[in-house]
Amino acid sequence: MSAAKSGSGFDIQLPRSLKAERRDDIAILWLARAEKRNAIDDPTVFGIEAFFTALPDAVKAVVLAAEGEHFCAGLDLGELSERDIAQGIAHSRSWHRAFERIEFGKAPVVAVLHGAVVGGGLEIAAACHVRVAETSAYYALPEGSRGIFVGGGGAVRLPRLIGTARMMDMMLTGRTYDAAEGQAIGISHYLVPADAGLAKGIELAKHIAGNAPMTNFAVTHVLPRIAASDPAAGYVTEALISAIAQGDEEAKARLKAFLEKRAPKTVRS
Ligand code: 1HE
């Protein structure tokens with residue numbers, strides 16, 4: 001284990017495969033095991049869970065980025081061969097816990113993708129809220145060819161993102177999508193040139209950090225639950241969270257600022 005970068009503002013121990021950095025109200029978590037293409041081993045999974053669980057309240061948005069030529073080669077295949085069925089289930093559940101800390105954690109997360117985003121790498125990307133891809137990014141689910149199955153929540157999150165039929169094709173045929181295709185089918189929200197991903201990710205995270213906290217909570221915690229529920233329950237939940245958000249002092253101040261012409265207009269970007 002190694003401490004998060006000294007002076008980083010994080011009071012937790014992270015494994016060597018992760019580095020954390022603080023920039024004002026933004027945190028950046030780096031996958032930092034480039035020599036193994038950021039393959040995710042057990043210490044990395046537990047480190048991700050610990051990082052997102054212990055995120056200071058003052059951090060309003062997180063960027064998840066990766067060192068080296070590839071975002072993430074997925075599960076550390078070296079760990080796989082020794083597991084029996086019970087251990088396999090426990091392992092998958094440990095990924096679920098960690099990635100749920102990303103998806104339903106304290107702050108929205110922007111993933112910055114480049115190179116291989118494969119297997120568990122695509123699963124962790126899918127747990128983030130906004131995805132920025134550099135043109136080098138490519139996506140695959142090589143589980144099919146390795147004789148295994150996704151285990152990091154991909155079977156839940158990826159059909160929502162790209163559809164069950166596309167995921168089936170990726171797993172059965174080994175199909176790879178390049179960055180432009182990944183953008184077209186909805187894996188990434190933003191496609192940027194080589195080496196421009198981090199700057200774009202930070203820009204987006206800063207914008208997110210400037211939102212009313214209640215809005216960020218509603219969008220990341222409530223919206224996905226509404227989308228997954230039956231419409232009747234969804235309308236009621238929407239009415240409740242809408243009223244809660246409007247009733248918040250922050251919303252009142254922002255609406256007043258707009259009406260007094262002190263707030264920025266919505267512009268075409
Ligand atoms: C690894 C891993 C890994 C690289 N586990 N060690 N994921 C995969 O099936 C993808 C496997 N990896 C690859 O296809 C390639 O490594 C890459 C396309 C990502 C990169 O290629 P390249 O040429 O840049 O690197 P490399 O030479 O293949 O690998 C460099 C080192 O990283 C090498 O180790 P070394 O000790 O020989 O230097 C590789 O063994 C190591 N490495 N990827 C372990 N994945 C919760 S369920 C999730 C299920 C899955 O994620 S399945 C998908 C697994």
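## Two domains and a buried charge cluster

Let's start at Lys 252, which at 43% relative accessibility counts as partly exposed. Keep in mind that what you have in front of you is a predicted model. Lys 252 sits in helix α11, the stretch covering residues 249-259. Once you set aside residues up to four places away in sequence, Lys 252 touches Gln 246 and Gly 247. Arg 23 is a long way off along the chain: Lys 252 and Arg 23 are 229 residues apart in sequence, and their C-alpha atoms are 28 Å apart in space.

Now step back to Ala 245, a residue of helix α10 (residues 231-247). Leaving out neighbours within four places in sequence, Ala 245 makes contact with Met 214 and Ala 251. Phe 217 is 28 residues from Ala 245 along the chain, with 9.4 Å between the two C-alpha atoms.

**How the chain divides up**

The domain assignment splits the protein chain into domain 1 (2-209) and domain 2 (213-259). Going by C-alpha atoms, the centres of domain 1 and domain 2 are 27 Å apart.

So what does the contact between them look like? On the domain 1 side, eight residues are in contact with six residues of domain 2. Together the two domains bury about 550 Å², and 58% of that is on carbon and sulfur atoms. The domain 1 residues that touch domain 2 come out as three nonpolar, two polar and three charged. How many salt bridges cross the interface of domain 1 and domain 2? The rule finds zero there. Polar contacts do turn up, though: two residue pairs are counted between domain 1 and domain 2, both at pLDDT 80 or more.

**Where the charges pair**

Side chains of opposite charge can pair when their charged atoms come close. In the structure as a whole there are 15 salt bridges. Here are three of them, with the N to O distance for each.

| Acidic residue | Basic residue | N to O distance |
|---|---|---|
| Asp 41 | Arg 33 | 3.7 Å |
| Asp 76 | Arg 33 | 2.9 Å |
| Glu 203 | Lys 200 | 3.4 Å |

Arg 33 appears in two of those rows, pairing with Asp 41 and with Asp 76. Put together, Arg 33, Asp 41 and Asp 76 are linked in a network of salt bridges.

Is this trio buried or exposed? Asp 41 counts as buried because its relative accessibility is 12%, under the 20% cut-off. Arg 33 is buried too, with a relative accessible area of 14%, and Asp 76 is likewise buried.

Which parts of the chain does the pair of Asp 76 and Arg 33 tie together? Asp 76 is in the loop between β5 (61-66) and α2 (85-103), while Arg 33 is in the loop between β4 (26-31) and α1 (42-53), so this salt bridge joins parts that are 43 residues apart in sequence.

Glu 203 and Lys 200 give you another setting. Both lie in helix α8 (residues 197-209), three residues apart, about one turn of the helix. Glu 203 has 45% relative accessibility, so Glu 203 counts as partly exposed, whereas Asp 76 and Arg 33 are both buried.

Terms used. Residues are numbered from 1 along each chain as its sequence is written. This is a predicted model: local features need pLDDT of at least 70, side-chain atom pairs count only at pLDDT 80 or more; totals for chains, interfaces and linings use all residues. Side-chain values use heavy atoms; hydrogens and water are left out. Domain bounds come from an automatic or database domain assignment. Contact means heavy atoms within 4.5 Å. Buried area is the accessible area (1.4 Å probe) that two parts lose on being put together, summed over both. A salt bridge is a side-chain nitrogen of Lys or Arg within 4 Å of a carboxyl oxygen of Asp or Glu. A polar contact is a pair of N or O atoms within 3.5 Å; within protein, one must be able to donate a hydrogen and the other to accept it, and residues adjacent in sequence count only if both atoms are side-chain atoms. Ala, Val, Leu, Ile, Met, Phe, Trp, Tyr, Cys and Pro count as nonpolar, Asp, Glu, Lys and Arg as charged, and the others, Gly among them, as polar. Helices (H or I, at least four residues) and strands (E, at least two) are DSSP runs, numbered from the N terminus. Buried means under 20% relative accessible area, exposed over 50%, partly exposed in between (1.4 Å probe, protein chains only).
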